[in-house]
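Reader: Hi! I have a structure open on my screen and would love some help finding my way around. Could you walk me through it?

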Amino acid sequence: MFTTKRLASIAAVAALVMLAAACGGGGGSGSSEPSAGGTPKLIGDGTLKVGYVLPETGQLAFLGPPQIQALKLAVKQINANGGVLGKQIPDPVAADEAGDQAVAQQSADRVLASNVQAVIGAAASGMTLAIIDKITGAKVVECSASNTAPTFTNYRDGGYYFRTAPSDVLQGPVLADTVVSDGYTNIAIVARADDYGKGLADATAKSLRQAGATVALNSTYDPNATNFSATVQKVVNAKPDAVVVIAFEEGKQILKGLIETGYGPGKVGVYGADGLRSEELPKLVDPNNPSVLAGMKGTAPASAENAQFVNSLQQFAPSLKELQFAPQAYDCMNVIALAGEQAGTNNPAVFKNDMVAVTRDGTKCSTFAACKSLIGAGTNIDYQGVSGPLDFIAAGEPGGATIEVYSYDKSGQLQSVKTVQSSPVA
């Protein structure tokens, strides 16, 4: 007996046939039409090919290795369990987003030229905005492990874009509550002038006001500037009792300027977000004083406590220092692979319709092998990611989130304070 998800997949294929859409992804090889009997044809020899556009250089280079290695670990484990549709996934096609839109676009072109059916990345929301139309326009599935800008929830991507990281609509309230719970009432926010910065700043400001706090400043800055003294001066002029800095690596200069003007940790409350969550941040701000950020707090999308995954990743890539967004990248690959198994094809024009379905409303399973077995038995699945339950909404993103509150201690160590569940506010 066909399950609901099987019927949905067949319906999607039938619709493609009625439209005569021979629009095979991955460079146009193959067809999305079903063969006789209703089974979707495979692209090429049926091998699922993936690539990535992730930061290996640039401001977010620290986020590249954990995502890349997690992706490769997922591929290794999938292949050890028979691959997708009986075919081994080749090594992912690699490309650097480099923190530069032009480079990211060139990288996306190279990956697409390799006839992939799915792309993992980009890491930065701004870099994804530079390449999303290329990838989804080529009818290739894109899954980001770390895009958090609210922009993507309603982005017109033809149903090809997904993310395993939660929207900042879910992180903003937790960041605001962290600030207010610490007793601060007059807050200045400075943020990158991009979709990530503006989206998280606005979500945080809204929640601060709802909690009764005053937003003394909500200002954006050019992240490509070489001098941030004007941004620091805006904070000084606002006379806040707490400052929220939404930045990437350039935030080290803003934090240094705040400290020099008497608005550092210990003087006022200082808070960051996921773009500043790095073991190296205190050294970047002051190489000679590891306690420079003692007391600073921040928030970031967290992962469920999954010691087995962490151990597996550390054994696979023992040199990794950062693990941020690694679970989400691992989940991207598994969702793509399971969607292909569910749809019975490596054609992204078809398996994109199962990306949401394999994450909800079925029998729970937490490994590719277990989920693949259930699919083979005709059972609806609910993949439980290593980053936590995904439960994608129709927009192709988590409907809820686990947000970590972190801090820096006097020795410069990054500490996880707690995790908080966040759901959309009705």
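**Strands, spaces and a loop**

Author: Happy to! Let's start at one pair of residues: Arg192 has Tyr221 in β6 as its bridge partner. Keep in mind that this is a predicted model.

Reader: Nice. How does the chain get from β5 to β6?

Author: It passes through helix α6, residues 195-210, and the β-α-β crossover made this way is right-handed.

Reader: And how many bridges join β5 to β6, and are they parallel or antiparallel?

Author: There are seven bridges, and the two strands run parallel. You will find β6 at residues 214-221.

Reader: Which residue stands opposite Ala188 in β7?

Author: That is Val243. Strand β7 covers residues 242-246, and its pairing with β5 is parallel, over five bridges.

Reader: So is β5 enclosed or not, and how many of its residues are buried?

Author: Six of the seven residues in β5 (residues 186-192) are buried, so the strand is largely enclosed by the rest of the structure.

Reader: Good. What holds strands together in a sheet, in general?

Author: Backbone hydrogen bonds pair them, in either a parallel or an antiparallel way.

Reader: Let's move along the chain. What does β13 pair with?

Author: β13 runs antiparallel to β9, joined by five bridges. It is also antiparallel to β14, with eight bridges between the two.

Reader: Can you give me residues to click on for those pairings?

Author: Sure, try Tyr406 in β13: Gly298 stands opposite Tyr406. Over in β14, Ser416 stands opposite Tyr406.

Reader: What sits between β13 and β14?

Author: Five residues, and the two strands form a hairpin. In the turn, Gly412 has a positive phi of about 85°.

Reader: How many residues of β13 are buried?

Author: Seven of its eight, which leaves β13 mostly covered.

Reader: I'm curious about Ser407. Is Ser407 buried or exposed?

Author: Ser407 lies in β13, residues 401-408. Its relative accessibility is 15%, and because buried means under 20%, Ser407 counts as buried.

Reader: And what does Ser407 touch?

Author: Leaving out residues up to four places away in sequence, Ser407 touches Met296, Lys297, Gln413, Leu414, Gln415 and Val417.

Reader: Different topic: pockets. How much space lies in the largest pocket?

Author: About 590 Å³. Its lining has 28 residues, and those nearest the centre are Arg277, Ser303, Leu323, Gln324 and Glu404.

Reader: Which elements supply the lining of the largest pocket?

Author: β9 (297-301), α10 (307-316), α11 (326-343) and β14 (414-422) each give at least two residues. The largest share, five residues, comes from α10.

Reader: How does the lining of the largest pocket divide by class?

Author: There are 14 nonpolar, eight polar and six charged residues in the lining of the largest pocket.

Reader: How many cavities of 30 Å³ or more does the structure hold?

Author: One. The volume of the largest cavity is about 90 Å³. It is lined by 13 residues, and Leu60, Ala123, Ser146, Phe248 and Asp274 are closest to its centre.

Reader: And the classes there?

Author: The lining of the largest cavity has seven nonpolar residues, five polar and one charged.

Reader: I also see some short strands. In what order do β10, β11 and β12 sit?

Author: They form an open sheet of three strands, in the order β10-β11-β12, with mixed pairing. The edge strands are β10 (363-365) and β12 (388-389), each pairing on one side only.

Reader: How many bridges are there between β11 and β12?

Author: Two, in the antiparallel sense, and β11 covers residues 381-385. Opposite Gln384 you will find Pro389 in β12.

Reader: Last one: where is Gln88?

Author: Gln88 is in the loop between α2 (64-80) and α3 (101-113). With a relative accessible area of 44%, Gln88 is partly exposed.

Reader: What does Gln88 touch?

Author: Setting aside residues up to four places away in sequence, Gln88 touches Thr47, Asn79, Gly82 and Gly83. Thr57 is 31 residues from Gln88 along the chain, and the C-alpha atoms of the two are separated by 29 Å.

Reader: Great, thanks for the tour!

Definitions and conventions: Residues are numbered from 1 along each chain as its sequence is written. This is a predicted model: local features need pLDDT of at least 70, side-chain atom pairs count only at pLDDT 80 or more; totals for chains, interfaces and linings use all residues. Side-chain values use heavy atoms; hydrogens and water are left out. On a 1 Å grid over the protein atoms alone, a cavity is a set of points where a 1.4 Å probe fits but cannot get out, and a pocket is an open set with protein on both sides within 12 Å along at least five of seven lines; lining residues have an atom within 4 Å of a point. Grid points are joined across faces, edges and corners, and a volume is the space filled by probe spheres set on the points. Helices (H or I, at least four residues) and strands (E, at least two) are DSSP runs, numbered from the N terminus. Ala, Val, Leu, Ile, Met, Phe, Trp, Tyr, Cys and Pro count as nonpolar, Asp, Glu, Lys and Arg as charged, and the others, Gly among them, as polar. Buried means under 20% relative accessible area, exposed over 50%, partly exposed in between (1.4 Å probe, protein chains only). Contact means heavy atoms within 4.5 Å. Two strands pair if DSSP finds at least two bridges between them. A crossover is right-handed if, with the strands pointing away from the viewer, the path from the first strand over the helix to the second runs clockwise.
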